[in-house]
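Reader: I am new to this structure and would like a close look at a single part of it, namely the places where side chains of opposite charge pair up. Please take me through these pairs slowly, and then show me what else there is to see around them.

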Amino acid sequence: MTDSKPLTQLPLPAHTILNQSESCIRVTLAPPYSADYFAGHFPELPLLPGVTLLTWTFELARRLELACEPGQIKNLKFTHVIKSDTPLTLELTPARNTGKVSFQWVSGEQSCASGTLTLRAAND
């Protein structure tokens, strides 16, 4: 694991690696209701901002040594809102030797967001 600086000043919520293989990594986390991630978005119905979800995606990929720095995001889709205290699972699927990682955030059986990250090394 790498100890480089996180991409955001907000800490990554507690998370657990469910399984890790060459073809897929699954990580769970549950952002708490009181977290600053939900502040102001929206006061009467707190929702997780998409930019926060993407930051977590890159940060978890970095911590799992799939990437050092974010590159491009392709085929990005937000398909379901994420309310506070919603348990989430991130599925990361690296494409060998391409520098790309497909990702999907799910809550139970519901897909919440998906896309493909193009990763780059820290010295690029």
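Author: A residue is called buried when its relative accessible area is under 20%, exposed when the value is over 50%, and partly exposed in between. With that scale in hand, please keep in mind that what you see is a predicted model.

Side chains of opposite charge can pair when their charged atoms come close. In this model the count comes to 3 salt bridges. One of them is formed by Glu 91 and Arg 26, whose closest N and O atoms are 3.7 Å apart. This pair links distant parts of the chain, since Glu 91 belongs to strand β4, residues 88-95, while Arg 26 belongs to strand β2, residues 25-29, and 65 residues separate the two. Glu 91 has a relative accessible area of 24%, so it counts as partly exposed, and Arg 26, at 28%, is partly exposed as well.

The helix α1 offers another setting for such pairs. Here the side chains of Glu 59 and Arg 62 meet in a salt bridge, with a distance of 2.3 Å from N to O. Both residues lie in helix α1, which covers residues 50-63, and they stand 3 residues apart, about one turn of the helix. Glu 59 is buried because its relative accessible area is 3%, and Arg 62, with a value of 4%, is buried too.

Glu 59 also forms a salt bridge with Arg 63, where the closest N and O atoms are 2.9 Å apart. Arg 63 and Glu 59 are 4 residues apart in helix α1, which means that about one helical turn separates them. Arg 63 is partly exposed, since its relative accessible area is 29%. Through the partners that these salt bridges share, Glu 59, Arg 62 and Arg 63 are joined into one network.

Turning from charged pairs to other features, you may look next at Gly 115, which lies in strand β6, residues 110-120. Gly 115 has a relative accessibility of 8%, and therefore it counts as buried. If its neighbours within four places in sequence are left aside, Gly 115 is in contact with several residues, among them Lys 74, Asn 75 and Leu 76, and also Val 101, Ser 102 and Phe 103. Gly 115 and Ile 73 are 42 residues apart in sequence, and the distance between their C-alpha atoms is 6.8 Å.

Ile 73 is itself part of strand β3, which runs over residues 69-78, and at 33% relative accessibility Ile 73 counts as partly exposed. Together with Leu 76 and Phe 78, Ile 73 makes a nonpolar surface patch of about 240 Å².

A last point concerns the cysteines. A disulfide is a covalent bond between the sulfur atoms of two cysteines. The structure holds 0 disulfides. Cys 24 is partly exposed, with a relative accessible area of 23%, whereas Cys 112 is buried, at a relative accessibility of 1%.

Definitions and conventions
Residues numbered from 1 in each chain as written. Predicted model: local features only at pLDDT ≥ 70, side-chain atom pairs only at ≥ 80, totals over all residues. Heavy atoms only, no water. Salt bridge = Lys/Arg side-chain N within 4 Å of Asp/Glu carboxyl O. Buried < 20%, exposed > 50% of the residue type's maximum accessible area, 1.4 Å probe, protein only. Contact = heavy atoms within 4.5 Å. Patch = residues over 30% accessible without salt bridge, like charges linked within 9 Å, V, L, I, M, F, W, Y side chains within 5 Å. Areas by Shrake-Rupley, 256 points an atom, 1.4 Å probe, with all protein chains shown as cover. Disulfide = S-S within 2.5 Å.
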